[in-house]
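Trainee: I am new to this one. Can you take me through the terms as we look?

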Amino acid sequence: MATLTINAGSSSLKFGIFNGSEVCMRGLASGLGGEAVLNYAHLGAEKVTETLDGNDADAALGRVLAIAEASGFPIEAVGHRIVHGGPDYSRPVVLTEPILQELEELSPLAPLHQPSNLACIRSTQRTFPNARQVGCFDTGFHRTHSYVADTFGLPHELYEAGVRRYGFHGLSYEFISQSLKKTHPKLAAGRVVVMHLGSGASMCAIRDGQSVASTMGFSALDGLPMGTRCGQLDPGVVLWLIQERGLSGDEISHLLYHDSGLKGLSGISGDMRDLEGNDDPGARRAIDYFIHQISRELGALSAALHGLDGIVFTGGIGENSAMVRRRVCEEFKWFDVRLDAVANEAKAQDLTAPGSKVAVLRIETDEEQMIARHAADLL
């Protein structure tokens with residue numbers, strides 16, 4: 001059985017073709033909304049690079065589905081990353097029309113992701129009508145939270161109505177958790193904070209392989225500042241924007257989702273690669289705030305775990321920015337976190353310096369592999 005995996009993000013689209021857990025093909029469409037480029041390759045073959053005719057997610061998906069059709073692999077299942085599963089979907093499911101309608105109702109909670117996730121499913125159904133569609137939820141990994149970790153200080157009936165902390169990036173955290181069990185079993189049984197740092201960014205406190213707390217909450221806006229999203233924000237700011245600036249709901253949504261975060265702070269770009277090495281005061285300001293908020297959240301998540309045995313960097317920034325890893329560890333020297341500078345620059349997996357009481361790791365995440373595993377297990 002060949003499984004096609006579709007992972008539609010806010011600015012990229014990743015795909016893979018798997019035979020069980022074996023990777024047969026991988027690809028990435030990046031720069032969506034700008035200069036969109038698609039890179040893909042069969043296992044063991046040279047990478048192919050294409051400039052997409054259109055620069056949006058629809059153009060990327062259309063080309064990806066055409067490649068999958070022409071690949072020669074019999075696609076019997078398609079696994080989809082779906083950002084929001086709400087309170088009801090904690091495990092992967094075979095998608096049916098009633099389930100898709102329920103998931104559409106969650107779109108306001110993840111407007112950058114949920115509509116595109118569901119649009120991918122509809123398109124894939126038309127291209128592969130005989131394949132079973134499997135939904136894998138980014139919120140599912142966090143359903144092990146306690147009530148106090150999920151609730152807000154609001155009337156309880158709102159919690160019952162679904163207003164609660166859901167957490168996101170769950171497929172990434174699940175993959176890292178499973179990887180730790182294989183490579184660092186003692187650490188996997190302990191207290192670990194995983195940092196998924198990228199265009200979307202969050203952190204997760206994991207104890208014995210289970211999510212205890214997450215920086216993201218009701219929506220994918222909360223917690224760390226991201227490429228274009230604000231992160232933690234006093235709700236009074238939203239009231240002020242309405243009452244004093246007269247902004248509409250749509251205007252506030254655009255501000256918080258598209259014009260904030262690293263982009264808003266720097267006035268330059270929401271891409272960390274554009275900010276590193278840039279001497280503009282805006283770039284320094286954005287990076288300093290990003291590091292500061294990571295440090296704050298690391299302290300909070302360590303408290304939720306009642307201690308800290310290890311930290312793991314993953315995601316586009318976490319895996320590739322030696323500067324971010326170095327500065328975060330410097331902020332936590334007081335917790336006796338020591339980083340091996342040579343290993344850090346070399347992008348090694350184990351970055352722990354001798355004498356450090358906290359393990360420091362860099363692990364490349366693989367959400368597509370996690371989706372493929374779920375699809376195979378379910379079917």
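**Helix α2 and its cover**

Trainee: What covers the buried residues of α2?

Mentor: The cover includes β6 (75-82), β7 (93-94), α3 (114-127) and β8 (132-137). Contact here means heavy atoms within 4.5 Å. This is a predicted model: local features need pLDDT of at least 70, side-chain atom pairs need 80 or more, and totals for chains, interfaces and linings use all residues. Residues are numbered from 1 along each chain as its sequence is written, and side-chain values use heavy atoms, without hydrogens and water.

Trainee: Which residues of helix α2 are called buried?

Mentor: In α2 (residues 97-104) they are I99, L100 and L103. Each is therefore under 20% relative accessible area with a 1.4 Å probe, protein chains only (over 50% is exposed, in between is partly exposed).

Trainee: Why do you say that they line one face of α2?

Mentor: Look down the axis of α2: its buried residues fall within an arc of 100 degrees, so they line one face. The arc is taken over directions from the helix axis to the C-beta atoms.

**Strands**

Trainee: What makes β2 and β3 a pair?

Mentor: A pair needs at least two DSSP bridges. β2 (residues 12-19) and β3 (residues 22-30) have 8 and run antiparallel, so they qualify. One of the bridges sets S12 opposite S30 in β3. Strands are DSSP runs of E, at least two residues; helices are H or I, at least four; both are numbered from the N terminus.

Trainee: How many bridges join β4 to β5?

Mentor: There are 4, between β4 (residues 37-42) and β5 (residues 48-51), which are antiparallel. Y40 faces V48 in β5. The two strands form a hairpin with 5 residues between them, and G44 in the turn has a positive phi of about 85 degrees.

Trainee: In what order do the strands of the open sheet stand?

Mentor: The 8 strands run β5-β4-β3-β2-β1-β6-β8-β7, with mixed pairing. β5 and β7 each have a single partner strand, so they stand at the edges, with one side lacking a neighbour in the sheet.

Trainee: Why is β12 called largely enclosed?

Mentor: In β12 (residues 310-314), 5 of the 5 residues are buried, so the rest of the structure largely encloses the strand. G310, V312 and T314 point one way; I311 and F313 point the other. β12 pairs in parallel with β9 over 5 bridges, and with β13 (residues 359-362) over 4. H196 stands opposite T314, while F313 partners R362 in β13.

**Cavities and a pocket**

Trainee: How many cavities are there of 30 Å³ or more?

Mentor: The count is 2. On a 1 Å grid over the protein atoms alone, a 1.4 Å probe fits in a cavity but cannot get out; a pocket is an open set with protein on both sides within 12 Å along at least five of seven lines.

Trainee: Which residues line the largest cavity?

Mentor: S177, L180, A188, V192, V194, I206 and G209. Lining means an atom within 4 Å of a grid point. α6 (170-183) and β9 (191-196) each supply at least two of these residues.

Trainee: Which residues lie nearest the centre of the second largest pocket?

Mentor: F152, R165, D222, Q232 and L233, out of 31 lining residues. β11 (210-214), α8 (235-243), α9 (249-258) and α12 (281-305) each give two or more residues to that lining.

Notes: Grid points are joined across faces, edges and corners, and a volume is the space filled by probe spheres set on the points.
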